[in-house]
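These are my notebook entries from a session spent looking things up in one protein chain. I go from single residues to the chain as a whole.

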Amino acid sequence: MNRSYQAYDVVVVGAGGAGVTAAVAAAQAGAHVALISKDPVGYGDTRISDGIMARPGLVAGDGPEAFLADLLAGGGHINQPDLAQTMAEECAEATPIAEDFGVLFSRNEQGQLGPPAVWHTGGHTYRRSLACLPAAGLAFGQALRGALARAGVDVYEETLAFKLVAADNRIQAVAAVRWPGGEPIVLRAGAVVLATGGAGWLYYPHTDCLRGATGDGMALAYAAGAELVDMEMVQFIPFAIVHPPSYCGILIGEPAVAGPHGVLLDGQGRLLLENVRRQTRAAVTRVMAEAIAAGRVTERGALLLDMSGNLKSEDGRKHLDYLKRRGRLEVVRRAYGGKAARGEEPWEVLPSAHYFMGGLRVDPWGATNLPGLYAAGQVAGGVHGANRLGSVSLAEIFVFGRRAGLAAARFALGHPPALPEDEAV
């Protein structure tokens, strides 16, 4: 058969963490799987992530119930309850999936996942965020490519999906074009999984997302008749570079980067917010937005993150040293100089579009209202409500990527692609 009109059980669109996990899970369930992506496998926002993944239950008192309470509180209690419940109950399973792919997380002296090798990020009641070593998102990218290769999935990189094809009241094919030569292809499928990420690039240059985050999956699904949810809920991470222009929007960090003694100042150096590191991204961004609207900004329209208080205490100095060892201060040094990187001068900061909480309406197995169409990762909405807590998205892509892949395989093996080749063409 011509490769341009190939038939599969499952076709996955998107090659970040959720897409690769879905493809691997579907293949392990016995499905013949193809994955297409406009970017290389393992790229997208997964590759530039900070490599921090939530895992409840690592400290006394924590567990799924406590994690669920934090998810709902952080999301303003508009989360889809069954999705939030699933995330809380299965979050701990994400770490072994990632490590099976080849990602390694920092451990304590006993070689275990737990204190002190676990972070306390904003909005979480307990310390439950693990750091990937040694290369954060780059390590995830490489691990994803290896996992996909071992699973025997057919891969179509540099391939842009532009239409979902429906027949007999279900999605049965993906129409796409190969970037290099402009060759159109149609991949017929028993089921399709969308895992194309968010749409942060709509806010360029004030976004820390890669340029591929243009809402492709949301647009594809909506055009085919899928339901969307919470599309107005966009998360801005509060601290991003302001200048020079080529660095604008690049991530400095979420509230936790402020450390125990970092404070947020307005453009004239007046205090806006203390105890920054214990706040959610949404809470800090709201304070910043109000100050910006009131004109309390620097000449460049920014605010100031003052890290100097951390230099005055042992725990603050340890925090700055940790940021340095993790490479988190290098972008500050390049943009603002050595004094800023050492915490001796404030950093000019603005919020940067980071994550879409909205997306396709799905059930806990990633199924949309269109038979044969599934979604996982940032393209799907409802898990996080009005705001995502830090370090949860990397766990989410493994939890719901696996679920969507398994569900798509089950559906496809009972509903083989029935769209004739000539009709698909």
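**Entry 1: a term, and Leu-164.** Before reading any burial value I fixed the term: a residue is called buried when its relative accessible area is under 20%, exposed when that area is over 50%, and partly exposed in between. I also note at the outset that I am working with a predicted model. Leu-164, which I looked up in strand β7, has a relative accessible area of 7% and is therefore buried. Setting aside neighbours within four places in sequence, I listed the residues in contact with Leu-164 as Ile-171, Ala-173, Val-174, Val-192, Leu-194, Leu-220, Ala-221, Ala-224 and Leu-373. For a distance across the model, I took Leu-164 and Arg-388, which are 224 residues apart in sequence and have C-alpha atoms 29 Å apart.

**Entry 2: Asn-169.** I next went to the loop between β7 (159-167) and β8 (170-178), where Asn-169 lies. Is Asn-169 buried or exposed? Its relative accessible area is 75%, so I recorded Asn-169 as exposed. The backbone of Asn-169 also caught my attention, since phi is near 65°, a positive value in a residue other than glycine. From Asn-169 I took a C-alpha distance to Pro-244, and found 52 Å for a pair that is 75 residues apart along the chain.

**Entry 3: Asn-275 and Thr-280, in the loop before α7.** Both Asn-275 and Thr-280 belong to the loop between β14 and α7. For Asn-275 I again read a positive phi in a residue other than glycine, here near 50°. With a relative accessible area of 44%, Asn-275 counts as partly exposed. Which backbone atom lies 3.1 Å from a polar atom of the side chain of Thr-280? I found the backbone nitrogen of Ala-283 there. Leaving aside residues within four places in sequence, I noted that Thr-280 is in contact with Gly-122, Gly-123, Pro-255, Asn-387 and Leu-389.

**Entry 4: Arg-281.** I then moved to helix α7, which covers residues 281-293 and includes Arg-281. Arg-281 has a relative accessible area of 8%, so I entered this arginine as buried. What does the side chain of Arg-281 make a polar contact with? I found the side chain of Glu-254 as the partner, at 3.0 Å. Not counting residues up to four places away in sequence, the residues that Arg-281 touches include Gln-235, Phe-236, Ile-237 and Pro-238, along with Glu-254 and Pro-255, and also His-354, Asn-387, Arg-388, Gly-390 and Ser-391. Pro-255 and Asn-387 appear in my list for Arg-281, and I had already entered them as contacts of Thr-280.

**Entry 5: Ser-308.** Ser-308 I located in the loop between β15 (303-306) and α8 (314-325). With a relative accessible area of 22%, Ser-308 is partly exposed. Its C-alpha atom is 35 Å from that of Glu-396, a residue 88 places away in sequence.

**Entry 6: cis peptide bonds.** I checked two peptide bonds that lead into prolines. The bond from Pro-115 to Pro-116 is cis, with omega near 0°, and Pro-116 sits in the loop between β4 (104-105) and β5 (129-133). The bond joining Tyr-204 and Pro-205 is also cis, with omega about 5°, and I placed Pro-205 in the loop between β9 (184-194) and α6 (216-224).

**Entry 7: the whole chain.** To finish, I turned to the chain as a whole, in which I found 12 helices and 19 strands. The radius of gyration is 22 Å, close to the 22 Å that the globule rule gives for 425 residues, so I recorded the chain as being as compact as a globular protein of that length. Along the principal axes, the C-alpha atoms fill a box of roughly 70 × 45 × 35 Å. Of the 425 residues, 59% are buried. When I considered contacts between residues at least 6 apart in sequence, 72% of them turned out to join residues at least 24 apart. The chain exposes about 16,800 Å², of which carbon and sulfur atoms supply 52%. As for charge, I noted 37 positive and 42 negative side chains, with the centres of the two sets 6 Å apart.

Key. Residues are numbered from 1 along each chain as its sequence is written. This is a predicted model: local features need pLDDT of at least 70, side-chain atom pairs count only at pLDDT 80 or more; totals for chains, interfaces and linings use all residues. Side-chain values use heavy atoms; hydrogens and water are left out. Helices (H or I, at least four residues) and strands (E, at least two) are DSSP runs, numbered from the N terminus. The radius of gyration is taken over C-alpha atoms; the globule rule is 2.2 Å times the number of residues to the power 0.38. Buried means under 20% relative accessible area, exposed over 50%, partly exposed in between (1.4 Å probe, protein chains only). Contact means heavy atoms within 4.5 Å. Accessible areas come from the Shrake-Rupley method with a 1.4 Å probe; for residues, only the protein chains shown count as cover. Lys and Arg count as positive and Asp and Glu as negative; His and the chain ends are not counted. The place of a charge is taken as NZ of Lys, CZ of Arg, CG of Asp or CD of Glu. A polar contact is a pair of N or O atoms within 3.5 Å; within protein, one must be able to donate a hydrogen and the other to accept it, and residues adjacent in sequence count only if both atoms are side-chain atoms.
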